[in-house]
Amino acid sequence: MHMSLAIQCTWTPLQMPRLRPPSFGPFLLHSPHTNFFPSFGGIRSRITTYPSFMAAMSTVSTQKEPVLNEDEPTQKTLQPSQVAQRLEKFKTTIFTQMSMLAIKHGAINLGQGFPNFDGPEFVKEAAIEAIKAGKNQYARGYGVPDLNSAISERFKKDTGLVVDPEKEVTVTSGCTEAIAATMLGLINPGDEVIVFAPFYDSYEATLSMAGAKIKCITLRPPNFSVPLDELKSTISKNTRAVLINTPHNPTGKMFTREELNTIASLCIENDVLVFTDEVYDKLAFEMDHISMASLPGMYERTVTLNSLGKTFSLTGWKIGWAIAPPHLTWGVRQAHSFLTFATCTPMQHAAAAALRAPESYYEELKRDYSAKKAILVEGLKAVGFKVYPSSGTYFVVVDHTPFGQENDVAFCEYLITEVGVVAIPTSVFYLNPEDGKNLVRFTFCKDEGTLRSAVERMKEKLLRK
Ligand code: GLN
């Protein structure tokens, strides 16, 4: 065991210090943004000593303890961390950090968006059947034929668009890989790409890997509407792509038809592509989801990204896909071929069964989540948060300032240690972290008992200042 630890371990001297609760604050959070900590005074000077928040987590995972052992003589020689420049500014993802802290402090995890209940039996059975039936060797690179067909059937039901499963659908390892393959396959170094902050963390990292020049437009509370005039003045013939996410993580905002129409016409006018992350499309509560690809003239310039994880509560399966016209699918597939080549074969077979679920499955999913959402939103209001409206996703963003902490990171730290609940600080979703300092994100993809307990803890222990 120690032998294999020695091989996997990438500990460095700076990562060794252990956390001594309750004062883990100094090591708490690493924004991916180098300009984050300057604005938060004390935290910065100390945190810069620690290249990774993994330091704080050394007490969480005993498996990773760098225990000295005589059988592993030299591998433990501690070396400075190395990372290519394109990834230098990124740290351990905020979701990983917060989930590790939840375990460490026994806190209720309303941070990382994964359900604490299981996916449907019929899908799990289909996976077991596929494994038993010997569907265990490499899949075709761009997807097992049955899944490509199931994806195009589902897309037709959702959008009315008919796509060729062989030429326009690419199965990937989760939407995260679809995002990476899209960026790496279609963006050249120096290309301008417009993103809307707050944005999911992998966008910036993969754009950085592709060498893109990021142009960021900030969506602001209370409605997180798209500032259309700012978009008009930002987009130009130099723009290669606009990246959107609807329903939107972390805010729960859904892009309105008016916003999508304006983005569409600007993209057509300037010959710009749209990459649209729609993984929460089946969690649209307050309005109907609109796929950018379904707007007139848009399919031919749009890559639609989606996955199985959220809709079927199977986030660990990592089955995603990209739908795009053949000329854009070419780029996506070229990157995908050399990123992962193919995705887990039996799970793809099961994913095909999942996507053919009757409509009643989707209706029930939405009903269940509406009930969970009501518990959390009402609870958060009763606790005293200002809760911003969330139309879709399983997230809700609140203003934490009534509780007197200086920023979102400090608030989350306080919430974990003093209250026993985990939320996600939103400043990590912004290019300018100051924009997110009043906001934290909670998820309601947890069973009702867990949501109620979290609310109770907050009612009891969170005191207004
Ligand atoms: N999409 C999930 C969230 O926003 C996190 C996924 C991850 O941890 N990479 O919470």
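Here are some worked exercises on the protein chain shown above.

The model is predicted, so to speak of local features a pLDDT of at least 70 is needed, side-chain atom pairs count only at pLDDT 80 or more, and totals for chains, interfaces and linings use all residues. Residues are numbered from 1 along each chain as its sequence is written.

**Exercise 1. The whole chain**

Task: Find how many helices and strands the protein chain has, and what share of its residues is buried.

Solution:
- Start with the elements: the protein chain has 14 helices and 13 strands. Helices (H or I, at least four residues) and strands (E, at least two) are DSSP runs, numbered from the N terminus.
- Next, burial: of the 465 residues in the protein chain, 47% are buried. A residue is called buried if 20 or more other C-beta atoms lie within 10 Å of its own, exposed if 12 or fewer, and partly exposed in between, with C-beta atoms placed from the backbone.
- Then look at contacts with a separation of 6 or more: 75% of them in the protein chain link residues 24 or more positions apart. Two residues are in contact if their C-beta atoms, placed from the backbone, lie within 7 Å.

**Exercise 2. The two sides of α4**

Task: Work out which residues of α4 are buried and which exposed residues sit on the face turned away from them.

Solution:
- Check the length of helix α4 (residues 121–132): its 12 residues should span 16 Å at 1.5 Å a residue, and the end C-alpha atoms are 16 Å apart, so the two agree. The expected span is 1.5 Å times one less than the number of residues.
- Pick out the buried residues of α4, which are V123, A126, A127 and A130.
- Look down the axis of α4: the buried residues fall within an arc of 100 degrees, so they line one face of the helix. That arc is taken over the directions from the helix axis to the C-beta atoms.
- Now turn to the face of α4 away from the buried side, where you'll find the exposed residues E121, E125, I128 and K132.
- Ask what the buried residues of α4 pack against, and you get α11 (345–355).
- Just past the end of α4, G134 has a positive phi of about 80 degrees.

**Exercise 3. A helix pair**

Task: Decide how α12 and α14 are oriented to each other, roughly parallel or roughly antiparallel.

Solution:
- Take the axes of helix α12 (residues 359–383) and helix α14 (residues 448–461): they come within 9 Å and cross at roughly 0 degrees. Axes are lines fitted to C-alpha atoms, for helices over the stretch in contact, and angles run from 0 to 180 degrees between N-to-C directions.
- That makes α12 and α14 roughly parallel to each other. For the cut-offs, angles under 35 degrees count as roughly parallel, over 145 as roughly antiparallel, 65 to 115 as roughly perpendicular and the rest as oblique.
- List who meets whom: K372, I375, L376, G379, A382 and V383 of α12 meet E448, L451, R452, V455, M458 and K459 of α14.
- Sort the contact of α12 with α14 by class, and you have seven nonpolar, one polar and four charged residues. Here Ala, Val, Leu, Ile, Met, Phe, Trp, Tyr, Cys and Pro count as nonpolar, Asp, Glu, Lys and Arg as charged, and the others, Gly among them, as polar.

**Exercise 4. W321 and its surroundings**

Task: Say whether W321 is buried or exposed, and name its contacts away from its sequence neighbours.

Solution:
- Place W321 in strand β8 (residues 319–323).
- Count C-beta neighbours: W321 has 30 inside 10 Å, so it is buried.
- Skip neighbours within four places in sequence, and W321 touches I151, V169, T170, V171, T172, A178 and N306.
- W321 and T176 lie 145 residues apart in sequence, yet their C-alpha atoms are 9.4 Å apart in space.

**Exercise 5. Two phenylalanines with positive phi**

Task: Compare where F224 and F341 sit.

Solution:
- F224, not a glycine, has a positive phi of about 55 degrees, and its loop runs between β4 (213–218) and α8 (228–234).
- F224 is buried, because it has 23 C-beta neighbours inside 10 Å.
- F341, also not a glycine, has a positive phi of about 65 degrees and sits in the loop between α10 (326–339) and α11.
- F341 has 12 other C-beta atoms within 10 Å, so it is exposed.
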